[in-house]
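I'm opening a fresh notebook page for a structure I haven't looked at before. The plan is to pick one residue, look around it, and then check the backbone for oddities.

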Amino acid sequence: MGNVVYRELNNKSIMQSMPAQVKQTIDTQIAAQEFGISSNATKIIRQIGGLVFGYTDPYVSVRLNAIMQKCISQIPEDPGHKNLNHIDPGPFIGFQFNPDAPFEKTFRALPHCLVQPDGSVEITIDAITPKKDIPFLQRDINPHPGAFLRVALVSIDYAQDEYQILAHEEIVLAKAKMEDAPLPGTFDVQWKCLKKLPKEALAFVHFSLHYYQLDWLEQRKLIGERTVSPAGFLHAFTVDEEMYKRNQSAAIDPEHRPLKEAEWSLFVKIAILRH
C-alpha cells in the first residue's frame, strides 16, 4: 500500500518502506561514463610505468584517473564519441609514479626536456655532480653502489589499441665499486631521440633513477630501494598532422614493435570503451 510493503522477518510481519528509485541526471551519467573510460584508458599508462620503472604505488590509478578525467572532459566531441587520441596530454607532464621518492628530494639536478617540431626529443642535464646531487650516493654503503637514469620514449595509440616503446636507454651517472673507468666528478648529460611516431598518437617521455651493485660475477643487480627511486614523465605531447609529416621524413624506425593485449596479458582493451 503506497510506499509501504509487508514482509516476514524472524516469523514476524513487519512494514518497510519501498526502496526509492534514484534518477541520474544527464550530467551524472556522463560523469560516470567518462570515469569508466578514464579508468580503462589509464590502465595502459600504469602498464608502461610498471614495465619501464619496475613498480608503482598502490594508489597510482586514483591519481592517473583524476588527470585523465580532466583531459577527457576537455575533448570537444560529444560524450560516447570521444577519441582518446584527441586529449591534450599536457597535464601528465611532471606526473610521478612513486610518491615515496619525489624527485625534489632524491635528485637535485634539473633535467630539461625539449621536443622539436619533427618529434625529436632531447634531454639535457647541465653540470651534474652525482655525489652531491643524488643523496642516496652519500650514504655509507659497502660496496659503494652505482646509479643510472632510465629514459624512454613511449607512444600510446588508443585508436589502434596499442602502445609502443619507441626508444629506451640507461645513462650511467655513477659507477659501482670495482667497475673500470670511473666517471668524472661533474659532467653534462645529453640524450637525443628521433624515432618514427604513430600518427595522432600520444607520446610520453619517461625518466627514472635507479641504483645497482655488482655481484660476484660482476653483473649489475638492481637495488630495490623504493624510498629513493623516483620516476615520472618529463614530457607528453600529441603527434599532430604537421609533426607526423616532418617526423616521417626525418626519423628512423622505433626499436620495438607495437604491443597488443595478445602479447601483453594486462594490456587494456580499448575496444570495449566504444560500446
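Entry one, a threonine. I went to T129 and found it in the loop that links β4 (121-128) to α4 (130-133). A caution to myself before going further: this is a predicted model.

Is T129 buried or exposed? I looked up its relative accessible area and got 17%. The cut-off for buried is under 20%, so T129 counts as buried.

Next I asked which residues T129 touches, beyond its neighbours within four places in sequence. I noted two names, G185 and T186. T186 came up again when I checked side chains: the side chains of T129 and T186 make a polar contact at 2.7 Å.

Entry two, back into the strand. A127 sits in β4, the strand that runs over 121-128. Its phi caught my eye, since it is positive, near 50°, and A127 is not a glycine. I wrote down why that deserves a note: most residues other than glycine have a negative phi. For exposure, A127 comes out at 47% relative accessibility, so I have it down as partly exposed.

Entry three, another positive phi. Where is E218? I found it in the loop between β8 (202-214) and β9 (220-222). E218 isn't a glycine either, and its phi is about 60°. Its relative accessible area is 53%. Exposed starts over 50%, so E218 goes into my exposed column.

Entry four, a peptide bond. I checked the step from N142 to P143 and found a cis bond, with omega near 0°. Most peptide bonds are trans, so I put a mark beside this one. P143 belongs to the loop between α4 and β5 (146-157).

Entry five, the whole protein. I finally zoomed out and asked how many helices and strands there are. My tally reads 5 helices and 10 strands. The protein has 275 residues, and 42% of them count as buried. T129 is a buried one I've already met.

I also looked at how far along the sequence the contacts reach. Taking contacts with a separation of 6 or more, 74% are between residues 24 or more positions apart.

Last lookup of the day was the surface. The protein exposes about 15,300 Å², and carbon and sulfur atoms supply 53% of that area.

How values were computed:
Residues numbered from 1 in each chain as written. Predicted model: local features only at pLDDT ≥ 70, side-chain atom pairs only at ≥ 80, totals over all residues. Heavy atoms only, no water. Helix = DSSP H or I, 4+ residues; strand = E, 2+ residues; numbered from the N terminus. Buried < 20%, exposed > 50% of the residue type's maximum accessible area, 1.4 Å probe, protein only. Contact = heavy atoms within 4.5 Å. Areas by Shrake-Rupley, 256 points an atom, 1.4 Å probe, with all protein chains shown as cover. Polar contact = N/O pair within 3.5 Å; in protein donor to acceptor, adjacent residues only side chain to side chain.
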